[in-house]
Amino acid sequence: MTEYQSDLLRLLSSRGYIHQVTDAAALDALAAKQIVPAYIGFDPTAPSLHVGSLVQIMLLRRLQQSGHKPIVLMGGGTGKVGDPSFKDEARKLMTEEVIAGNIASIKTVFEKFLTFGDGPTDAIMLDNAEWLDALEYLPFLRDYGQHFSVNRMLSFDSVKLRLDREQSLSFLEFNYMILQAYDFLELSRRHACRLQLGGSDQWGNIVNGIELSRRVDGTEVFGVTTPLITTADGGKMGKTMSGAVWLNPEQLSHYDYWQFWRNTDDRDVGRFLRLFTDLPLGEIARLEALEGAEINEAKKILANEATTMCRGAAGAEEAAETARRTFEEGSAGEALPSFAVAGGSIGVVDALVNLGLCASKGEARRLIKGGGARVDGERVDDEALAITVSAPVRISAGKKHHGLLTPA
């Protein structure tokens, strides 16, 4: 691990956030001597962000914890275009009213993770529509278009992969990387922003902004990207059978949010504790060394810490109590039927039969087809679903009948 001088890069490195850094030595020196304003952009494509955005939100939290200034940039302008990065097809265009509503809803989540205000390290939230909406096409082309090579833009993975698959990329979307580069230039001018943070898929866009700021204003700015966060089994972080794990409680209950973290794979517990909680590294090292049934206690701590941060202490306590009643007492105060699964996984049809929730496989398939089967509260529509059982998994047949799968 690289030895950094600044609290910022030491913190990011020690907790596993760093994938790539532009001119790490210069950024390290700058962060060691002054407050560095840094930004991440978020496109308001829905009323809530999901867990897939959480590592970026935590990155801004770490920035503030190490004495620097977070800038949350909402893409009210770029949201009208859509980021083509690693998308198979163009996003549906949103009206200004929908974008404004989504931004207002998303703002509430950031207040849980960051301290906003007028102080030197207080976070601020901006909307790039403030400058992008005022742009005039010909002057923008003349002043900034000359700094972008189409040959180079075509070489970026976010564009190249789309074209390699022979999927259409509109000129509207192709403009996205130019607009994002311009965001960095504007933030540098307006707020002395010196650093853009983002996921590894944003590397090309970040480098564009760095080069534009250098060429147009002669300003030295920097970029840091995080690794792609996948689960130990190779899945995408935050994807479940029923879809995205939303951060806003209006889109997902406290219990389902808590349960998502509780169901973390044993191999991911330490990494997720470092990324998504404020627990000290020494305590995390102790927890991730636990084995067997004891690792479940670490998962409960992860669920409690992550849920408290996003949903508040009351939300976490409510979720943990619901889980305790469901799994330890049963939904009506009685012990739930349980079945120990050997080999780590079981088909959902077999699970329903073995738990006694269905009398036959035919009945189990009819239950699934009718929408009455659930796994940890999530509706199951695929009768061929294989359920991974690394921790207790709740199976439901209708609203009143539940059972518990446990690791053998």
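**Exercises on helix 11 and two arginines**

Gly 218, just after helix 11, takes a positive phi of about 70 degrees. The exercises below concern a predicted model.

**Exercise 1.** Determine how the reach of helix 11 stands against the span expected at 1.5 Å a residue, and identify the elements against which its buried residues pack.

*Solution.* Helix 11 covers residues 203–217, which is 15 residues. From its first C-alpha to its last it reaches 21 Å, close to the expected 21 Å. Its buried residues run through Gly 204, Asn 205, Ile 206, Val 207, Asn 208, Gly 209, Ile 210, Glu 211, Leu 212 and Ser 213. These buried residues pack against three helices, namely helix 6 (137–144), helix 7 (150–155) and helix 10 (176–191), and against strand 5 (195–199) and strand 6 (222–226).

**Exercise 2.** Classify Arg 61 as buried or exposed, and list its contacts beyond four places in sequence.

*Solution.* Arg 61 belongs to helix 3 (residues 54–65). Its relative accessibility is 17%, so Arg 61 counts as buried, the cut-off being under 20%. Outside its neighbours within four places, Arg 61 contacts Lys 112, Phe 113, Leu 114, Asp 278 and Met 309. Phe 110, 49 residues from Arg 61 in sequence, lies 9.5 Å from it in space, C-alpha to C-alpha.

**Exercise 3.** Establish which side chain of opposite charge is nearest to Arg 262.

*Solution.* Arg 262 lies in helix 12 (residues 254–262) and is buried. The nearest side chain of opposite charge is Glu 297, 6.8 Å away. A salt bridge requires a separation within 4 Å; Arg 262 has none. Beyond four places in sequence, its contacts are Asn 296, Lys 299, Lys 300, Ala 303, Ala 391 and Pro 392.

Conventions
Residues numbered from 1 in each chain as written. Predicted model: local features only at pLDDT ≥ 70, side-chain atom pairs only at ≥ 80, totals over all residues. Heavy atoms only, no water. Helix = DSSP H or I, 4+ residues; strand = E, 2+ residues; numbered from the N terminus. Expected span 1.5 Å × (residues − 1). Buried < 20%, exposed > 50% of the residue type's maximum accessible area, 1.4 Å probe, protein only. Contact = heavy atoms within 4.5 Å. Lys, Arg positive; Asp, Glu negative; His and termini not counted.
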